[in-house]
Amino acid sequence: LLGLRASNNSRIDARELFLLKSRTALTHVFRSVDTLNSLISLVDSIPNMVIGDHIADQVSLSIIGIERACTAMEEGNLNLALLHSSLARDAAEKSFSDPSILALLYFPDDQKFAIYIPLFLPVGLPLLVSYLELLKEWRRKKVKSD
């Protein structure tokens, strides 16, 4: 499991610990990137989506965490890489699952029309007919005056 060799003793040697930490940090980084890409796709798919400042802050924290985790891995500091990668993943998940975004997923534009048309059609239709009648009357008066 996870590329670690089977061992009869319960102790983990330094190589196994290195592999476990590096693989976990990389998994957190990859999942953070995947979550941020999913958020980008979601924002692109809903045209009127408003992204709040708190969501933008979470995305920024996630990107900074990913960068710091990658830098720490390059330097060989796996404990710091684990810390930053897990913070990046948490921030990415928080930004993607924010309640303001989830509310837009369940109330798309076509449903708005389905809700508002029955409300405004009974008021709007008589107004439209009255406007057309006034327009006809105005044209008749204009033709008579010419």
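Five helices, zero strands: that is the protein chain. Keep in mind that this is a predicted model. Read along the sequence, the pattern is α-α-α-α-α. The chain has 146 residues, and 20% of them count as buried.

A word on contacts. Take those in the chain with a separation of 6 or more. Residues 24 or more positions apart account for 70% of them.

Now the helix pairs. Start with H1 and H2. H1 covers residues 14-45, and H2 covers residues 53-75. How do their axes cross? At roughly 150 degrees, and they come within 10 Å. Angles over 145 degrees count as roughly antiparallel. H1 and H2 are therefore roughly antiparallel to each other. Their crossing is left-handed.

Who makes the contact? From H1, we have Ala-25, Leu-26, Val-29, Ser-32, Val-33, Leu-36 and Leu-39. From H2, we have Val-59, Ser-62, Ile-63, Ile-66, Ala-69, Cys-70 and Met-73. By class, the residues of this contact are twelve nonpolar, two polar and no charged.

Next pair: H1 with H3. H3 runs over residues 78-96. The axes of H1 and H3 come within 8 Å. They cross at roughly 25 degrees. The cut-off for roughly parallel is under 35 degrees. So H1 and H3 are roughly parallel to each other. This crossing, too, is left-handed. What does the contact of H1 with H3 consist of, by class? Twelve nonpolar residues, ten polar and four charged. Set that beside the contact of H1 with H2, where there were two polar and no charged.

Last stop: one residue, Ser-97. Where does Ser-97 sit? In the loop between H3 and H4, with H4 being 99-105. Ser-97 has a relative accessible area of 41%, so Ser-97 is partly exposed. Look at the side chain of Ser-97. One of its polar atoms lies 2.7 Å from the backbone oxygen of Glu-93. Then look across to Ile-55. Ser-97 and Ile-55 are 42 residues apart in sequence. In space, C-alpha to C-alpha, they are 9.6 Å apart. Ile-55 falls in the 53-75 range of H2.

To recap. H1 is roughly antiparallel to H2. H1 is roughly parallel to H3. Both crossings are left-handed, H1 with H2 and H1 with H3. And Ser-97 sits in the loop after H3, ahead of H4.

Definitions and conventions
Residues numbered from 1 in each chain as written. Predicted model: local features only at pLDDT ≥ 70, side-chain atom pairs only at ≥ 80, totals over all residues. Heavy atoms only, no water. Axes fitted to C-alpha atoms, helices over the stretch in contact; angles between N-to-C directions. Helix = DSSP H or I, 4+ residues; strand = E, 2+ residues; numbered from the N terminus. Parallel < 35°, antiparallel > 145°, perpendicular 65-115°, else oblique. Left-handed = near helix turned anticlockwise from the far one by under 90°. Contact = heavy atoms within 4.5 Å. Nonpolar A, V, L, I, M, F, W, Y, C, P; charged D, E, K, R; others polar. Buried < 20%, exposed > 50% of the residue type's maximum accessible area, 1.4 Å probe, protein only. Polar contact = N/O pair within 3.5 Å; in protein donor to acceptor, adjacent residues only side chain to side chain.
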